[in-house]
Amino acid sequence: MATLHTRTSARYMMAPAVLLLLAWMLIPLGMTLYFSFLRYNLLMPGMEEWTGFLNYKYFLTDPAFDDALINTLLLVGGTLLITVIGGTLLALMLDQPFFGRGIVRLMVIAPFFVMPTVSALVWKNMLMHPVYGLFAWLAKSVGLPPVDWLAQVPLLSVIMIVSWQWLPFATLILLTAMQSLDEEQKEAAEMDGAGAISRFIYIVVPHLARAITVVILIETIFLLSVFAEILVTTNGGPGTQSTNITYLVYSLALLQFDVGGASAGGIVAVILANIVAIFLIRMIGKNLDR
Amino acid sequence: MAREASTSRKLTYTVIGWSIGLLIFFPVIWTFLTSFKTEGEAIANPPSFLFFNWTLENYHEVQDRSDYLKHVINSVVISFGSTGLGLLIAVPAAWAMAFSPGKHTKDILMWMLSTKMLPPVGVLVPIYLIFRDYNLLDTQLGLVIVMTLINLPIIVWMLYTYFREIPGEILEAARMDGASLGKEIVYVLAPMAVPGIASTVLLNLILAWNEAFWTLNLTAAKAAPLTAFIASYSSPEGLFWAKLSAASTLAIAPILIIGWFSQKQLVRGLTFGAVK
């Protein structure tokens, strides 16, 4: 079907998308890379000068970077742990027949559609507020001292909020994968005398492995860039207790106007994300061949 | 089916399922309920769940005090504008990739995907400076451009996976029957492509409506969409929970409804076709 004529027109049809994305990727990224080698602060215009790797040295040796890196790993890891385990359990539950299952499924996936600033503020104020929050009321009604969530355990609080937002994503994808599992295979195993648990371990889990990998990789890409939830709840604090890499770069750029330092941080973030992205791209690429 | 679930088992799952479902959904219900309370009742301790004086006052106040409608319009312009522009660019590209794939089509697709994995902070500084220099900060146009570009890979991918499912033989059959290219598109392809395009539009509207990195960093009072407007409630002066709830309810309701209708497409779009 692909004649020379259609090949040429195909190129023209792809050109706008390809060129725009190329520009979107190369121009700003090239500028970031360039800025990262400059001493460049917006508060001191005209003082730009080449500094080599000095920005990287400052960024990587800044104690705030260590905190941010650890917080980023905890935030991504903690959220993955909660959402993958929780998502698997929820998907198993939603795979069983029960009354009103469709409505329950709608309720379970709802948090994914709530905009990040709304979920963060609702959790921060109405649930986690140390005096008027619902959690404080629950704690008091069972005789426990209320917790000031965002001041005492800021990172854990952010993990809770982000997990609530991403639990639906894991559930929905794992449920979709579960439902594509061949019923006959399950029934055959059952007739051969496999119990519910061994059916789960030997048939469902291997089938889900791929979907779980996809969930982990895609969530990681998004979770590395969690921003709004931190901005409206803790502003990265107290201190740097809930600052992740994304927030650290933001604060360097738009609060301290340190273009050079923020750019070096941005490049570090790009490298970190790329490590994950390579695995994801390989997996999806393989899938495309089938 | 041979194994019909026993009624008692079904009832057990009903109880467990509904309890967990309500627990997860609770913050949304609570926001909805609080939006009808007075500010006093919103922070009442012990909290009142249903038996309070329902009022619509917050919804009026949200509009009067902050010109809520302006932010709604910003959100609508930005999400619909970027979706429309994105489709305009992506439909031809996805079409070409699906129907006349070349040697490098797969590489191009994978590369497009990789641009989506670029963390936004990697380009925050230059985009901010470019926007400042070209007076695009705090404008609808600026955000439409950024939103189109960040979601373009997802649109292309999703359309591609849908278009690829349209069998090529149908095109050939139509051509043999003497259909011109125009007729081929209008009568044969369009009806088969519309469902895929519709799902792509829905997913993209959701993503653009809820995007909260660029909207927070590139807008101020004028072009702020709802994500950025609601972030302004984080300031510690006073407790405006009832108003926050009213603003939030209005902001999430339309997208919640769209989202519920497009669950299946969501899986496909967000996993780039890796899980169907």
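Which residues of chain B does UniProt list for "transmembrane region"? The unreviewed entry gives residues 12–33, 72–96, 108–131, 143–163, 184–209 and 240–261 of chain B. Keep those in mind as we walk through this structure, which is a predicted model.

Let's look at two of those spans first. Over residues 143–163 of chain B the model is 100% helix and 0% strand, and the C-alpha atoms at the two ends sit 29 Å apart. Residues 108–131 of chain B come out at 83% helix and 0% strand, with 28 Å between the end C-alpha atoms.

Now step back to the whole of chain B. There are 13 helices and zero strands here, so if you trace the elements from the N terminus on, you read α thirteen times over, as in α-α-α-α-α-α-α-α-α-α-α-α-α. For overall dimensions, the C-alpha trace of chain B spans about 75 × 70 × 35 Å along its principal axes. The radius of gyration of chain B is 23 Å, while a compact globule of 276 residues would have one near 19 Å. Of those 276 residues, 54% are buried. Take the contacts in chain B between residues at least 6 apart in sequence, and 74% of them join residues at least 24 apart. The accessible surface of chain B is about 12000 Å², and carbon and sulfur atoms account for 68% of that.

Part of that surface is worth a closer look. B:F32, B:F49, B:L50, B:F51 and B:W54 make up a nonpolar surface patch, and together they have about 600 Å² of accessible area. Pick out B:F49 and you'll find it in the loop that runs between α2 (39–42) and α3 (57–66) of chain B. B:F49 counts as partly exposed, because its relative accessible area is 35%, and that falls between the 20% and 50% cut-offs.

On to the charged pairs. Searching the whole structure turns up four salt bridges over all chains. One of them in chain B joins B:E61 to B:K243, with the closest N and O atoms 4.0 Å apart. This pair links distant parts of the chain: B:E61 belongs to helix α3 of chain B and B:K243 to helix α12 (residues 241–261) of chain B, 182 residues apart. How covered are the two partners? B:E61 is partly exposed at 26% relative accessibility, whereas B:K243 is buried at 7%. The pair also belongs to a network of salt bridges that links B:E39, B:E61 and B:K243.

Elsewhere in chain B, the side chains of B:D133 and B:R132 form a salt bridge at 3.3 Å, N to O. Here B:D133 is exposed, with 52% relative accessibility, and B:R132 is partly exposed at 38%.

Chain A has a salt bridge too, between the side chains of A:E49 and A:R39 (3.6 Å, N to O). A:E49 sits in strand β2 (residues 49–50) of chain A and A:R39 in strand β1 (residues 38–39) of chain A, so the pair ties together parts that are 10 residues apart in sequence. Both ends are partly exposed: A:E49 has a relative accessible area of 39%, and A:R39 has 41%.

Those two strands bring us to the rest of chain A, which has 13 helices and two strands. The C-alpha atoms of chain A fill a box of roughly 75 × 75 × 30 Å along the principal axes. The radius of gyration of chain A is 24 Å, against a value near 19 Å for a compact globule of 290 residues. Buried residues make up 54% of the 290 in chain A. Among chain A contacts between residues at least 6 apart in sequence, 69% join residues at least 24 apart. Chain A exposes about 12900 Å², with 69% of it supplied by carbon and sulfur atoms.

So where do the two chains meet? Have a look at helix α4 (residues 101–109) of chain A, where A:V104, A:M107, A:V108 and A:I109 are buried. What do the buried residues of α4(A) pack against? Within chain A, the partners are α3 (63–94) and α8 (154–179); from chain B, they are α1 (7–34), α12 and α13 (263–270). Notice that α12 of chain B is also the helix that holds B:K243.

Finally, follow the loop between α3 and α4 of chain A to A:F99. A:F99 is partly exposed, with 41% relative accessible area. Leaving out residues up to four places away in sequence, A:F99 touches B:K10, B:L11, B:T14 and B:W18.

Methods
Residues are numbered from 1 along each chain as its sequence is written. Chains are lettered from A and ligands numbered from 1 in the order in which they are written. This is a predicted model: local features need pLDDT of at least 70, side-chain atom pairs count only at pLDDT 80 or more; totals for chains, interfaces and linings use all residues. Side-chain values use heavy atoms; hydrogens and water are left out. Patches are made of residues with over 30% relative accessible area and no salt bridge: like charges are joined within 9 Å, nonpolar side chains (Val, Leu, Ile, Met, Phe, Trp, Tyr) within 5 Å. Accessible areas come from the Shrake-Rupley method with a 1.4 Å probe; for residues, only the protein chains shown count as cover. Helices (H or I, at least four residues) and strands (E, at least two) are DSSP runs, numbered from the N terminus. Buried means under 20% relative accessible area, exposed over 50%, partly exposed in between (1.4 Å probe, protein chains only). UniProt positions are given in the numbering used here, feature names are shortened, and annotations may be inferred rather than shown by experiment. The radius of gyration is taken over C-alpha atoms; the globule rule is 2.2 Å times the number of residues to the power 0.38. Contact means heavy atoms within 4.5 Å.
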